[in-house]
Amino acid sequence: MGETRRSIWLRHDAVLAHDVPGHPERPARIRALEAEMSAADWFGCTRVEAPAASREALLGVHPETHVTAIEELCASGGGAIDADTFAVPATWEAALRAAGGAVALVDALLGGDADFGVSALRPPGHHAETDRAMGFCFFNNVAAAARHARSAHGLERVMIVDWDVHHGNGTNDIFHADAGVLFMSIHEWPLYPGTGPASDVGSGEGEGFTVNVPVPGGTGDLAYTSLVEHVAGALAAAWEPQLVLISAGFDAHRDDPLASCRVSEAGFAAMAASLRRAADRLGAPLGLVLEGGYDLGALAHSMAALMPALVDVGTPRAAAPPELHPLAVRALERLEPYWPGLGASVRA
Ligand SMILES: [Zn+2]
């Protein structure tokens, strides 16, 4: 391992108590991740206990009624919210820590306490809409973090790249009309939750700041890395975000049981390196917020594979820039009305 920059790993034991027997979004995910990290001496990261999110941070993206409904459901013993989203009493604190970790990550990155960090908590967040828990998610962790960066730190431009295999419908909706948060999602389609067509580009002032790239099942490293390098990278170069957050699910991995994409550990590492280069060119900090990933080995090994590109001092070199994949060509063509010249800059 090379020399590492100041990096943090946000975690908390309370997230292990959100436990619904037989559910794929399970405490063993965090145990597998932490065992892998521990075996690698945490890649030089300082472990930080995630604080509970403040009410204010939650209310940045959710109405009071939603926060209270989750709190009361947990306090009354828990129960089902939909066919695959279940709360137990301990879900409340776990959800607060998962959102609070993402917000604390932003504080550390923007406050100068860390150069890079991972918020490695659960439940995940990207399916949680403003007033609706769904898809294993209760509060939208990455959205709370991005909104906090805007409201508490005064940032004007925050970019979220969501490479979880499912569409981040919650994040999509929360920032739909917001030109201060550029949301790009690469997701398998058709697949749960069924949202995120390429035609959904945001609305109002946010038109053009929602970038949906549905990909067919079976899509692997070549397309994913090309989309991150040539579309996300080009958007970052054009818009110059002051902070880049990765909504990092690992369920696009070929071994994941919930989807059928074919990304490998090396693919995740290449995507991370690509975004690190894009962020470093802008002097923007980069943070990673855990979303899905349901094969324990795929989850742990993929995270371990991408850490060196993010924690090492010095921008990772592009060994062989991925070719411009047809899916990236089509995405760039669709972006042309909103981002004139973006495709040309890539082809040049
Ligand atoms: Zn997912």
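## Helices, salt bridges and a zinc site in a predicted model

Helix 3, which runs over residues 64-75, has 12 residues and reaches 16 Å from its first C-alpha to its last, close to the 16 Å expected at 1.5 Å a residue. The model described here is a predicted one, and what follows moves from two of its helices to a strand residue, then to salt bridges and finally to the zinc ion.

Within helix 3, the residues His66, Val67, Ile70 and Cys74 are buried. These buried residues cover an arc of only 100° around the axis, which puts them on the same side of helix 3. In general terms, an α-helix has 3.6 residues a turn, so residues three or four places apart point the same way. On the other side of helix 3, by contrast, Thr65, Glu72 and Ala75 are exposed. The cover over the buried residues of helix 3 includes helix 2 (55-59) and helix 4 (91-110), together with strand 3 (79-82) and strand 4 (85-87). After helix 3 comes Gly77, whose phi is positive, near 110°.

Helix 1 can be described along the lines used for helix 3. Helix 1 spans residues 27-39, and at 1.5 Å a residue its 13 residues should span 18 Å, which agrees with the 19 Å between its end C-alpha atoms. Its buried residues are Pro27, Arg29, Ile30, Ala32, Leu33, Glu34 and Met37, and what covers them includes strand 1, strand 10 (286-290) and helix 9 (296-311). Asp41 follows helix 1 and has a positive phi, near 55°.

A residue in a strand gives another view of the interior. Thr210 is found in strand 8, which covers residues 210-215, and at 2% relative accessibility Thr210 counts as buried. Which residues is Thr210 in contact with, leaving aside its neighbours within four places in sequence? The contacts of Thr210 are Asn172, Phe175, His176, Phe183, Asp200, Val201 and Gly202.

Charged side chains also pair up, and a search of the whole structure finds 14 salt bridges. Among them are the three in the table, with the N to O distance for each pair.

| Salt bridge | Closest N and O atoms |
|---|---|
| Arg11 and Glu49 | 3.3 Å |
| Asp178 and Arg147 | 3.2 Å |
| Arg276 and Asp280 | 2.9 Å |

In the salt bridge between Arg11 and Glu49, the pair links distant parts of the chain, with Arg11 in strand 1 (residues 7-11) and Glu49 in strand 2 (residues 46-49), 38 residues apart. Arg11 counts as buried at 11% relative accessibility, whereas Glu49 counts as partly exposed at 45%. These two residues also belong to a wider arrangement, since Arg11, Asp13, Glu34 and Glu49 are linked in a network of salt bridges. Glu34 is in addition one of the buried residues of helix 1.

For the salt bridge between Asp178 and Arg147, Asp178 lies in the loop between helix 6 and strand 7 (181-188) and Arg147 lies in helix 5 (residues 141-151), so the pair ties together parts that are 31 residues apart in sequence. Asp178 counts as buried, at 13% relative accessibility, while Arg147, at 23%, counts as partly exposed.

The salt bridge between Arg276 and Asp280 lies within one element: both residues are in helix 8, 4 residues apart, about one turn of the helix. Arg276 counts as buried at 3% relative accessibility, and Asp280 is partly exposed with a relative accessible area of 26%.

The last feature is the metal site. The zinc ion is coordinated by two OD atoms of Asp164, by ND1 of His166 and by an OD atom of Asp251, at 2.0 to 2.7 Å. Asp164 sits in the loop between strand 6 (158-162) and helix 6 (169-174), and Asp251 in the loop between strand 9 (243-248) and helix 8 (265-282), so that this pair, 87 residues apart, links distant parts of the chain. In sequence, the donor residues of the zinc ion follow the spacing D-x1-H-x84-D.

Why is the arrangement around the zinc ion irregular? The 4 donor atoms subtend angles of 53 to 156°, whereas four donors count as tetrahedral only if all angles lie between 85 and 135 degrees. As a general reference, the ideal angle at a metal with four tetrahedral donors is 109.5 degrees. Both aspartates of the site are buried, Asp164 with a relative accessible area of 1% and Asp251 with one of 0%.

Methods
Residues are numbered from 1 along each chain as its sequence is written. This is a predicted model: local features need pLDDT of at least 70, side-chain atom pairs count only at pLDDT 80 or more; totals for chains, interfaces and linings use all residues. Side-chain values use heavy atoms; hydrogens and water are left out. Donors are N, O and S atoms within 2.8 Å of the metal (3.2 Å for Na, K and Ca); water is not among the atoms, so sites may look incomplete. Four donors count as tetrahedral if all angles lie between 85 and 135 degrees; four count as square planar and six as octahedral if opposite donors are over 155 degrees apart and all others between 65 and 115; anything else is irregular. Helices (H or I, at least four residues) and strands (E, at least two) are DSSP runs, numbered from the N terminus. Buried means under 20% relative accessible area, exposed over 50%, partly exposed in between (1.4 Å probe, protein chains only). The expected span of a helix is 1.5 Å times one less than its number of residues. The arc is that of the directions from the helix axis to the C-beta atoms. Contact means heavy atoms within 4.5 Å. A salt bridge is a side-chain nitrogen of Lys or Arg within 4 Å of a carboxyl oxygen of Asp or Glu.
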